[in-house]
Amino acid sequence: NGERWFDDLWRLDMKKWEWHMVSPAVEDQIWPRPRTDHSAVLWKRSDTERIMLVYGGSVDGSGASSELWALNCSDFDHENWYWYEMATNG
């Protein structure tokens, strides 16, 4: 909204063309810090594995970031999706 950063995640139901917010499945699940101006791409790693990569952006309270996060969204049930931070060099 131009005034604050968000850490929300949305998925599109392609059958109904409806957007749904995805929340952490468990309270202590690792989740990227709020950010804006990042890059994201869906990587079809194999026939059964899909990963959304999120790189950089402006992180709330820290400024520019070089963090690389991966969301394993391979499972049809979004309750089983999970984030993990990937190491970067350079």
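**Exercise 1. The second largest pocket**

Task: Find how much space lies in the second largest pocket of this predicted model, and which residues are closest to its centre.

Solution:
1. Start with the volume. The second largest pocket holds about 260 Å³ of space.
2. Turn to its lining. There are 13 residues around this pocket. Closest to the centre are Phe 6, Asp 7, Asp 8, Arg 35 and His 38.
3. Sort the lining by class. It divides into 8 nonpolar, 1 polar and 4 charged residues.

**Exercise 2. The largest pocket**

Task: State the volume of the largest pocket, then say which strand gives the largest share of its lining.

Solution:
1. The volume is about 440 Å³.
2. Lining residues number 14, and those closest to the centre are Arg 11, Leu 12, Asp 13, Met 14 and Phe 76.
3. Now look for the main contributor. Strand β1, residues 9–13, supplies the largest share, with 3 residues.
4. Finish with the classes. The lining counts 5 nonpolar, 3 polar and 6 charged residues.

**Exercise 3. Enclosed space**

Task: Count the cavities of 30 Å³ or more, and describe the lining of the largest cavity.

Solution:
1. The structure has 1 cavity of that size, 30 Å³ or more.
2. The largest cavity contains about 50 Å³ of space.
3. Its lining is made of 13 residues; Val 22, Ser 23, Gln 29, Trp 31 and Trp 81 are the closest to the centre.
4. By class, 9 of the lining residues are nonpolar, 3 are polar and 1 is charged.

**Exercise 4. Aromatic pairs**

Task: Count the aromatic pairs, and work out the geometry of the pair formed by Trp 69 and Trp 83.

Solution:
1. The count is 3 aromatic pairs.
2. Take Trp 69 and Trp 83. Their ring centres are 6.4 Å apart and their planes meet at 85°. Planes over 60 degrees apart count as edge-to-face, and this pair is edge-to-face.
3. Place the two residues. Trp 69 is in strand β8 and Trp 83 is in strand β9 (residues 82–86), so the pair ties together parts 14 residues apart in sequence.
4. Check burial. Trp 69 and Trp 83 are both buried.
5. Compare Tyr 82 and Tyr 84. Their ring centres lie 6.0 Å apart with the planes at 35°, so this pair is tilted.
6. Tyr 82 is partly exposed, at 40% relative accessible area. Tyr 84 is also partly exposed, at 28%.
7. Add the cluster. Trp 31, Trp 69 and Trp 83 form one aromatic cluster.

**Exercise 5. Two residues in one loop**

Task: Is Ser 65 buried or exposed? Which side chains make polar contacts with the side chain of Glu 67?

Solution:
1. Locate the residues. Ser 65 is in the loop between β7 (63–64) and β8 (68–72). Glu 67 lies in the loop between β7 and β8 too.
2. Apply the cut-off. Buried means under 20% relative accessible area. Ser 65 has 16%, so Ser 65 is buried. Glu 67 has 14%, so Glu 67 is buried as well.
3. Follow the side chain of Ser 65. It reaches the backbone nitrogen of Glu 67 at 2.9 Å.
4. Follow the side chain of Glu 67. A polar contact of 2.6 Å links it to the side chain of Arg 33. Another, of 3.2 Å, goes to the side chain of Trp 69.
5. Set aside neighbours within four places in sequence. Ser 65 then contacts Arg 35, Gly 56, Gly 57 and Val 59. On the same terms, the contacts of Glu 67 include Arg 33, Arg 35, Gly 56, Val 59 and Glu 85.

Note on methods
Residues numbered from 1 in each chain as written. Predicted model: local features only at pLDDT ≥ 70, side-chain atom pairs only at ≥ 80, totals over all residues. Heavy atoms only, no water. 1 Å grid on protein atoms, 1.4 Å probe; cavity = no way out; pocket = protein on both sides within 12 Å on 5 of 7 lines; lining within 4 Å. Points joined across faces, edges and corners; volume = space filled by probe spheres on them. Helix = DSSP H or I, 4+ residues; strand = E, 2+ residues; numbered from the N terminus. Nonpolar A, V, L, I, M, F, W, Y, C, P; charged D, E, K, R; others polar. Buried < 20%, exposed > 50% of the residue type's maximum accessible area, 1.4 Å probe, protein only. Polar contact = N/O pair within 3.5 Å; in protein donor to acceptor, adjacent residues only side chain to side chain. Contact = heavy atoms within 4.5 Å. Phe/Tyr/Trp six-rings, centres within 6.5 Å; stacked < 30°, edge-to-face > 60°.
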